[in-house]
Amino acid sequence: MNWRRIIYVILLVSLTVVKALPRSYRDIEEKNSIGQRFSQLQENNFKAIAVIMFAQYVPGGTFGKAVKMAEDVTDLAKRCAAAARDNPDCLKPLDRIFLDTICQEENLPGFTDCCAKKDPERNDCFLSLKNSSRGFISPFERPNAEAACKNHSQHQHSLTGYFIYEVSRRHPFLYAPTILSVALRYDEMMHDCCGSAEAPTHNPEECFRRQAPKVVKPIKEQGLRQEHTCGILTKFGERTLKALKLVQISQKFPKADFVTVNKLVVDIANMHEDCCRGDTLDCMRDREEILHYVCTNQEALSSKIKKCCEKPLLQRSECIVTADNDDRPAGLSPHVREFIEDKGICERFAQEKDAHLARFLYEYSRRHPEFSAQMLLRIGKGYEDLLKECCKTGAPDGCCSRGEEELKKHIYETESVMKTSCDIYKEKGDYYFQNELLMSFTKKMPQLTSAELIKFTKQMTTIGSRCCQLSQDKLLPCAEENLDLVLGEICRRHLAEPINAGVCHCCSGSYALRRPCMGKLEIDENYVPLSLTPGLFTFHEDLCTTEEEKLQHKKQEMLITLIKYKPQLTQEQLASVTAAFTAMREQCCKEANREACFAEEGPELIKRSEKMLSA
């Protein structure tokens, strides 16, 4: 297959196709959807999307297997589109056809239990494997220049297809058009960096170093966001996801009326259900319908998305998501006192329940773009708890009036936490700020590996560098919403391999309260500290490296081990041990025989440190 041509065709026809796609393969009237979808997409496009679907469902399979299964399903779709509509296989829902194809294949790893189940349990089983599949596949990074260009010259047409397969299996929830769009960038990078036989690029290594981030970054960021959203839907349910989307849309489109915002909330929640279930074609159709609605109604929604709606189709979604919030309507007061002071509030709450709470969230969110979505959800939860208490029979007069004081207290506490964190970041800088986080999170989650702790705290440090320089009205949305992505990743790690009871409590409780819950975790009292074995702390001449990044990484690994050995470690004790370590390192790095010096002085450092830690 000529993958480059296929991708271009898909990008050109996708809007037309999704408008024509049936509402859902589950609809009774659309039982023969595989034939219809084949006719709408045409053969090569259908096959390309099938490869993505199989790679996402079977990440441990081979490229050859994914292509073979895609060809099998495409052959069936072709027959169904032609004349075989009475064939029982043509009447099956699309998800069942894909899963049947997987289950008929031999030598596919780890799917026996799922294939033994009946639908819809079988699909749920496959989706649960999607959630935990990323751990055993290394992420896509910058390619080796020499090997990549050799492959490109020998297998130019199939290389882009192989890239699509590799990205798909590493990111099982990533939106298919995003994968295809990134594949185009990959193809352009290979052409630019490897050149042709007649005109080879002078320095392909430097070219890859410059261009690879443009390929890798969207994969990582959008893959993480999609998986994060699916995690919220799976763990906390549709109600929580709808509340989150209600807040985000109300902030972005503050002049839109409640009915319009609510329609978008329902449509977007339905889209995520399709995407997270693995229904690639319905996911594509849902997203394009939403984009079409937003862009045709932009005058009623926002003045900030005009340029987004003029962009090529696949660039619109990300552009709208990252566009500035529209200006608040003139005369919109910052308060919503009618939701507390109105005498008929309890009656409305009793009659309308979630609809009343949704209207409160809408009105409060559109007034406060300076608050994070998670903070607004906590405010919404606080309002719900207030009504439940104050609308009980026998509740004291003026019960609801304390709501405003509680609200002010919560806003102050949240802003204080973020300000304190940014003050520490500005004072200490990246490396020492990350070390502060490492101390805190190693005590909270000592069961995580050193690599995991360094990765998660590095992500948090990056949030500090990105958000702490922003103005006060941008700080909270930037900091807490990005931090929520990291906490979501930690919770998915816990789901795959439980960390401890404290993390379990925070990850299983309220989504809105997850960040404050994690913040309040202290030392895991049930953790059994590491024993001081001869190999626990080792010192070698590689500590004399002049590469600061490598040295910092080694020191952070030692810091984690030290905390896992002494979880009660104080800042004063750490300062003493660090000073002793620095003196030893400086001494040994001056010696002619560095390794011998570390072998002699290392055990002495451990003995002195033991005394410091016991004091």
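This passage describes the disulfides and salt bridges of a predicted model.

A search of the whole structure finds 17 disulfides. In one of them, C149 is joined to C194, with an S to S distance of 2.1 Å. C149 belongs to helix α8 (residues 145-154) and C194 to helix α10 (residues 176-194), so this disulfide ties together parts that are 45 residues apart in sequence. The torsion about the S-S bond of C149 and C194 is about -85°, and the disulfide is therefore left-handed. Both cysteines, C149 and C194, are buried.

Another disulfide is formed by C467 and C478, whose sulfur atoms are 1.9 Å apart. Here C467 lies in helix α22 (residues 450-467), while C478 lies in helix α23 (residues 472-496), so the pair ties together parts that are eleven residues apart in sequence. With a torsion of about -70° about the S-S bond, the disulfide of C467 and C478 is left-handed. The relative accessible area of C467 is 0%, and this residue is buried. C478 is also buried, at a relative accessible area of 13%.

A disulfide is likewise present between C588 and C597, with the sulfur atoms 2.1 Å apart. The S-S torsion of C588 and C597 is about -70°, so this disulfide is left-handed. C588 and C597 are buried.

Two further cysteines were examined for a possible partner. For C400, the closest cysteine sulfur is that of C390, and the separation of 4.2 Å is too far for a bond, because a disulfide requires sulfur atoms within 2.5 Å. C400 has a relative accessibility of 10% and counts as buried. For C504, the closest cysteine sulfur is in C507, at 7.5 Å, which is also too far for a bond. C504 counts as partly exposed, its relative accessibility being 33%.

The structure also holds 46 salt bridges. One of these is formed by the side chains of D326 and K255, with an N to O distance of 3.8 Å. D326 is in the loop between α16 (313-322) and α17 (338-341), and K255 is in the loop between α11 (204-252) and α12 (258-277), so this salt bridge ties together parts that are 71 residues apart in sequence. D326 counts as buried, at 7% relative accessibility, whereas K255 is partly exposed, with a relative accessible area of 37%.

A salt bridge within a helix is found between D385 and K381, the closest N and O atoms being 3.4 Å apart. Both residues are in helix α20 (residues 373-390), where they are four residues apart and are thus separated by about one helical turn. D385 is partly exposed, with a relative accessible area of 36%. K381 is partly exposed as well, at 29%.

R514 and D484 form a salt bridge in which the closest N and O atoms are 3.2 Å apart. R514 lies in helix α25 (residues 514-520) and D484 in helix α23, so the pair ties together parts that are 30 residues apart in sequence. R514 and D484 are buried. Elsewhere, salt bridges with shared partners join D89, K92, R96, D100, D119 and R122 into one network.

Notes: Residues are numbered from 1 along each chain as its sequence is written. This is a predicted model: local features need pLDDT of at least 70, side-chain atom pairs count only at pLDDT 80 or more; totals for chains, interfaces and linings use all residues. Side-chain values use heavy atoms; hydrogens and water are left out. Helices (H or I, at least four residues) and strands (E, at least two) are DSSP runs, numbered from the N terminus. Buried means under 20% relative accessible area, exposed over 50%, partly exposed in between (1.4 Å probe, protein chains only). A salt bridge is a side-chain nitrogen of Lys or Arg within 4 Å of a carboxyl oxygen of Asp or Glu.
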